[in-house]
Protein chains: 2
Amino acid sequence: MSSVGIVSPQSHYFDQPIDLACGRTLPAYELVYETYGQLNADASNAVLICHALSGHHHAAGRHHPDDKHPGWWDAYIGPGKPIDTNKFFVVSLNNIGGCHGSTGPTSINPDTGKPWGADFPPLRCRDWVNTQYRLMQLLHIEQWAAVIGGSLGGMQAMRWSLMYPECVRHCVVIASAMKLSTQNIAFNEVARQAILSDPEFHDGHYLEHNTLPKQGLRLARMVGHITYLSEDGMKEKFGRELKTGSLDLGHSDEAEFQIESYLRYQGDSFSTAFDANSYILMTKALDMFDLANDYGDDPVAAFKGALCDYLIVSFTTDWRFSPQRSREIVNAMIAAHKPVSYAEIDANFGHDAFLIPHSRYETVLRNYLQRIVKENEDKSCA
Amino acid sequence: MSSVGIVSPQSHYFDQPIDLACGRTLPAYELVYETYGQLNADASNAVLICHALSGHHHAAGRHHPDDKHPGWWDAYIGPGKPIDTNKFFVVSLNNIGGCHGSTGPTSINPDTGKPWGADFPPLRCRDWVNTQYRLMQLLHIEQWAAVIGGSLGGMQAMRWSLMYPECVRHCVVIASAMKLSTQNIAFNEVARQAILSDPEFHDGHYLEHNTLPKQGLRLARMVGHITYLSEDGMKEKFGRELKTGSLDLGHSDEAEFQIESYLRYQGDSFSTAFDANSYILMTKALDMFDLANDYGDDPVAAFKGALCDYLIVSFTTDWRFSPQRSREIVNAMIAAHKPVSYAEIDANFGHDAFLIPHSRYETVLRNYLQRIVKENEDKSCA
């Protein structure tokens with residue numbers, strides 16, 4: 001198995017206004033995306049990757065030969081990999097509202113000439129699906145062979161199958177849920193409050209003040225990170241190992257346990273790498289996602305109109321989006337008489353497991369995707 | 001069952017220096033405490049209550065007839081209640097390092113004439129046990145009929161049984177652990193970082209700057225609060241109910257879900273009611289508690305020297321100090337041939353369950369305490 005190699009992001013400026021779920025209209029927007037593999041003649045091998053909370057378009061390969069890390073899902077996307085770029089044309093974009101090149105809170109608001117900041121419209125999953133639909137049209141694709149996403153990305157994938165049923169042949173939903181639990185919302189709320197209470201936040205207009213709410217974003221990421229890891233995984237990786245090897249009993253700021261240094265490092269890196277308004281926007285989209293809300297709160301009714309096959313995947317130690325949440329999705333799909341496969345993977349990495357190489361998870365994805373390859377081959381023989 | 005009624009805190013100034021686990025010496029200290037019930041002639045009915053992270057001496061009754069709330073464990077302490085003040089002489093103190101009257105970071109440092117702030121010595125459970133031992137002597141008690149504590153209080157209770165085995169006849173350890181999990185430490189670390197990164201913290205000398213790190217303490221409490229509640233309990237109490245009844249899609253600071261308002265309220269109240277340095281000190285004492293550390297990391301060896309009977313209680317939905325942690329304690333005690341009773345209570349309130357009225361929990365405590373009453377009666381008949 002090899003890498004997709006050196007890749008370059010592309011971007012497109014969509015100059016048609018788009019109506020958003022909040023009632024506002026975005027006059028135009030830019031989408032940054034990457035593609036891996038070749039679109040076949042009948043455009044039947046296109047796969048859309050929807051990213052999660054802090055994700056972006058750069059899912060596979062490297063931008064420069066000396067990049068330290070490849071794209072965030074490089075373990076699963078590439079020649080010979082489960083999402084095989086010898087077979088599929090893979091499209092991965094940065095969603096609007098994000099902070100990696102697509103139009104978002106750090107972009108310039110054409111009305112003011114200043115960064116949008118907190119004035120950027122709040123978004124919901126359906127807005128992302130609509131913007132992704134236009135990208136699909138731009139690429140001359142009429143139907144995705146598969147829409148795939150983990151976590152918040154899984155919510156977009158499910159929404160795709162309901163909003164544009166004829167455009168989705170397969171839908172792969174990994175470590176996701178039909179709506180957040182109260183506890184999920186609570187953790188997101190603490191993360192947001194950390195950002196909002198940072199004096200450098202300036203009501204979300206920190207860029208105009210030439211500053212960043214770094215401390216707030218750092219805390220938000222630390223809270224988030226605890227919920228991405230499993231309790232056992234954390235214990236296995238860090239235990240109660242002391243960083244300095246001796247019991248520092250002081251009141252000092254020094255991290256004493258390795259888990260403390262790890263969280264601080266994660267928080268510090270994130271505090272300048274991500275945009276605070278994007279973080280608020282993304283967590284709000286998570287909180288407000290409620291798949292069945294438009295269908296009388298009946299998930300079975302929601303899935304009734306879907307035309308695709310589904311693969312649902314969960315991880316045993318994921319307590320942010322537990323297997324129970326995935327089973328609820330599966331049960332609703334079965335009750336709606338939809339074809340659904342379900343795999344519960346015994347992995348020790350909590351919610352993060354969806355990003356981490358794991359042989360059974362890899363096999364499940366590979367087998368499912370190969371089934372799609374075979375469908376395509378059968379069709380072209382027919 | 002009635003209340004202990006109106007109670008008044010007492011206090012004593014201990015003018016003998018005390019050596020602390022950190023190697024420093026506290027020249028003198030004040031302890032604030034309350035007592036409920038009457039000490040009997042042979043001082044065999046004294047019960048010590050050890051408080052948890054944010055607790056204090058005021059465990060039962062009211063200070064004023066118009067107090068809105070009684071003491072924090074009023075449901076369990078009083079005439080006819082499980083810890084029956086018709087039978088027991090109950091002692092409840094505020095630990096040093098706290099912020100409710102006993103010497104702590106908000107007290108004046110005699111060396112500087114200013115509040116100790118962050119210069120207050122870091123403490124460990126054994127320091128509290130030593131200061132409580134002096135209180136025991138002051139009250140002319142030679143042996144506690146029982147030392148009782150939940151959470152961090154349970155750690156003190158266990159430590160008592162190892163440090164002063166001849167002074168403890170029964171030891172009741174509720175929702176506790178022999179040491180924190182990596183995840184526990186991680187949550188405490190986020191809480192501390194929230195405080196440390198508040199610009200009003202001023203390296204822990206905020207009182208000298210006439211300010212308080214309110215935002216930091218507020219966030220710390222919000223994080224803590226999520227971990228005190230069970231996921232199911234939170235769902236049952238708050239669900240995904242929207243506060244305003246409509247989907248506010250804005251970027252606004254308005255709480256949308258009831259769980260958000262609840263957490264903000266809890267955080268706001270705590271942010272001025274508790275001292276930030278005390279919070280750091282208490283969470284550090286929690287993190288550093290490691291019962292078996294001095295015994296070659298062998299909990300069986302640790303309990304070998306104990307002379308008391310134990311009651312261990314855990315709650316099914318407590319994920320901060322899960323039943324598994326209590327079972328580890330019980331298993332070590334059994335292996336050390338110590339008399340131990342264990343009750344795992346099916347309660348829906350997470351870690352907070354140890355404070356909340358619950359009939360089976362109440363019965364377990366009541367029965368165990370009545371056994372002590374009977375022991376005392378048998379002894380006086382003999």
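The following paragraphs lead from the pairing of two chains to three residues recorded for chain A. The structure is a predicted model.

Consider first how the chains are arranged. A turn of 180 degrees, with a shift of 0.0 Å along the axis, lays chain A on chain B with an RMSD of 0.0 Å. The two copies are therefore related as by a two-fold rotation axis. Their interface may be examined next. Of the interface residues of chain A, 100% are also interface residues in chain B, so the copies meet through the same surface.

Attention now turns to chain A itself. Under "active site", an unreviewed UniProt entry lists S151(A), D318(A) and H351(A). These residues span 201 residues in sequence, yet no two of their C-alpha atoms are more than 10.9 Å apart, so they gather at one spot.

Where does S151(A) lie in chain A? S151(A) is found in the loop between β11 (146-150) and α2 (152-163). Its relative accessibility is 7%, and because buried means under 20%, S151(A) counts as buried. Setting aside residues up to four places away in sequence, S151(A) touches A52(A), I174(A), A175(A), S176(A), F321(A), H351(A) and F354(A). Among these contacts is H351(A), which the UniProt entry also lists for "active site".

D318(A) belongs to another part of the sequence, in the loop between β13 (309-315) and α9 (323-335) of chain A. At 2% relative accessibility, D318(A) counts as buried. Apart from neighbours within four places in sequence, D318(A) is in contact with A175(A), P323(A), G350(A) and H351(A). H351(A) is thus in contact with both S151(A) and D318(A), and A175(A) likewise touches S151(A) and D318(A).

How values were computed. Residues numbered from 1 in each chain as written. Chains lettered and ligands numbered in written order. Predicted model: local features only at pLDDT ≥ 70, side-chain atom pairs only at ≥ 80, totals over all residues. Heavy atoms only, no water. Least-squares fit on C-alpha atoms with pLDDT ≥ 70 in both. Contact = heavy atoms within 4.5 Å. UniProt positions renumbered as here; feature names shortened; annotations may be inferred. Helix = DSSP H or I, 4+ residues; strand = E, 2+ residues; numbered from the N terminus. Buried < 20%, exposed > 50% of the residue type's maximum accessible area, 1.4 Å probe, protein only.
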